Amino acid sequence: MSEATIAIPAPPSAQSPDTQRILIIDDEAAIRESLETLLSLEGYTVETAGDGEDGLDRIEEQAYDLVLLDLALPGKSGLEILPLIRERHPSLPIIMITAYGKVDNVVDAIRSGAQNFVQKPWDNEKLLADIRSAIGRYHAEEENIHLRRAMKQRYSFSNIIGKSDVMLRIFDLVAQAAPSRATVLIQGESGTGKELIAKAVHASSPRKDKPFVAVNTGSMPTDLLESTLFGHVKGAFTSAIAAKKGLFEVANGGTIFLDEIGNMTMDTQAKILRVLQDRRFMQLGGVQEIQVDVRIIAATHVDLRQAVRDGRFREDLFYRLNVISIDLPPLRSRREDIPLLAAHFLRHYAQENGLPPRSLAPDALRTLVDYDWPGNVRELENAIERGVVLSSSAVIGSELLPGHLTGRSYSSSLLEHNPDASLFDILEDIERRIIVDKLERCNWNQTDAAEQFRIPLSTLNQKIKRLNIEIKKRLKE
């Protein structure tokens, strides 16, 4: 899937009082004038209306940051006007003002959506504090909504797909975490989209125009990993014929994504901890410290708390990383997102392969929703790509999905075509099909496949070579 850089527009910043607009709706001219004078001296732009209908008209014509609404108005009362404002502007802060301090009026107003309730005669300082607080919360909520909408616009039909409650909560958490400098730890099973979440955090942050550098720390030997992260000087080791910048230096000003950090050795963990603490490191073979300004986002499928208890992961590093924790759910726990994801992948792979639009037959969609997806979104994507490529009509049935999804057996196709095949050849054919199915589910990542088979990677590679399995190019995650 394409991974072009995605820019998310910056949220509107909180306004200062001299750009904040307040509407006063009260039938008493003296009250309107008194409030207008008080608020104008504080720097607010103030407009007034003498009845509810006039106030509603003004709200439709002009955006306001807060409304002061009198309870006892001629014609429609404040309690009648309040829900009409709420219908059009659900989050606009409204403070009710009245000389009638009855409890039932307070309860009715709050239930109808008023932020607060002030009784005449009011205390100026308290009223101003209530106004500042209500407008501050309003702007914070609006910024959060802006970021969330921006993320949905940019990601809901591109990379991050989800309408389930758990994914919407994750979108909110990303929107809240992105503007800060805090370290983020993303945890989840393989294939759940940890790198996509890391990119969303970066793209929503003030660092979005700076580099985003991703490195799989679990796939490299220690020496190579440290050289990759920190760089080396010429002659640091035998093959170091020239100096080379490390990825921390490349990511300066931006974000570095350390995937599978749970597989790092303790020595490398200590060096990562120093970068987190001091923002400094030394190249391999170097003596000069290099200072960087880089945000670290880490990810792992390992239970780091358990790794700490087992002595495989540094406790101090864990707490440094775990400032903001994002736990990505497996696809099987958010099945309501599967139809949405499937529709996205159908469009994507039909376009990529120059085919007319494709859809899923009811039995195929039911199969996808019922399957447990151990390979998560990555496995679903591969299944849909297979169905699109193999389809000869606009509707994809369950027969075009991988056999393990529909419960079809791994019986040997060789036996079907050659009843006289030897037992050795039949078993080899079944083994080949099992391995290819597993590789497809793991996006042709041999390391993940070996881990799921619970065999050494070298053993899997030997089998791939012996069975003449052609390794396909991995899809971008």
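Asp 448 is a good place to start in this predicted model: with a relative accessible area of 16%, Asp 448 counts as buried, because the cut-off for that class is under 20%. Its partner is Arg 378, and the two form a salt bridge in which the closest N and O atoms are 3.1 Å apart. Arg 378 is buried too, at a relative accessible area of 11%. If you trace the chain between them, you will see that this pair links distant parts: Arg 378 sits in helix α15 (residues 376-390) and Asp 448 in helix α19, 70 residues apart.

Let us stay with α19 for a moment and look at its neighbor. Helix α19 spans residues 446-453 and packs against helix α20, residues 457-466, with the axes 9 Å apart and an angle of about 110° between them. That angle makes α19 roughly perpendicular to α20, since angles from 65 to 115 degrees fall into that class. On the α19 side, the contact is made by Gln 446, Thr 447, Ala 449, Ala 450 and Phe 453, which meet Leu 457, Leu 460, Asn 461 and Ile 464 of α20. Sorted by character, the residues of this contact comprise 6 nonpolar and 3 polar ones, with no charged residue among them.

Charged side chains have their own story to tell elsewhere. Side chains of opposite charge can pair when their charged atoms come close. The structure holds 27 salt bridges, and a couple of further examples are worth a visit. One of them joins Lys 271 to Glu 226, with the closest N and O atoms 2.6 Å apart. Lys 271 belongs to helix α10 (residues 266-278) and Glu 226 to helix α8 (residues 222-230), so this bridge ties together parts that lie 45 residues apart in sequence. The two ends differ in their surroundings: Lys 271 is partly exposed at 35% relative accessibility, whereas Glu 226 is buried, with a relative accessible area of 6%.

Next, turn to Arg 334 and Asp 337, whose side chains meet in a salt bridge at 2.8 Å, N to O. Here Arg 334 is buried at 4% relative accessibility, and Asp 337 is buried as well, at 0%.

To round off the tour, return to the pair that opened it, Arg 378 and Asp 448, buried at 11% and 16%. Beyond such pairs, salt bridges can also share partners: Glu 428, Glu 431, Arg 432, Lys 463 and Arg 466 are joined into one network in this way.

Technical notes: Residues are numbered from 1 along each chain as its sequence is written. This is a predicted model: local features need pLDDT of at least 70, side-chain atom pairs count only at pLDDT 80 or more; totals for chains, interfaces and linings use all residues. Side-chain values use heavy atoms; hydrogens and water are left out. Axes are lines fitted to C-alpha atoms, for helices over the stretch in contact, and angles run from 0 to 180 degrees between N-to-C directions. Helices (H or I, at least four residues) and strands (E, at least two) are DSSP runs, numbered from the N terminus. Angles under 35 degrees count as roughly parallel, over 145 as roughly antiparallel, 65 to 115 as roughly perpendicular and the rest as oblique. Contact means heavy atoms within 4.5 Å. Ala, Val, Leu, Ile, Met, Phe, Trp, Tyr, Cys and Pro count as nonpolar, Asp, Glu, Lys and Arg as charged, and the others, Gly among them, as polar. A salt bridge is a side-chain nitrogen of Lys or Arg within 4 Å of a carboxyl oxygen of Asp or Glu. Buried means under 20% relative accessible area, exposed over 50%, partly exposed in between (1.4 Å probe, protein chains only).
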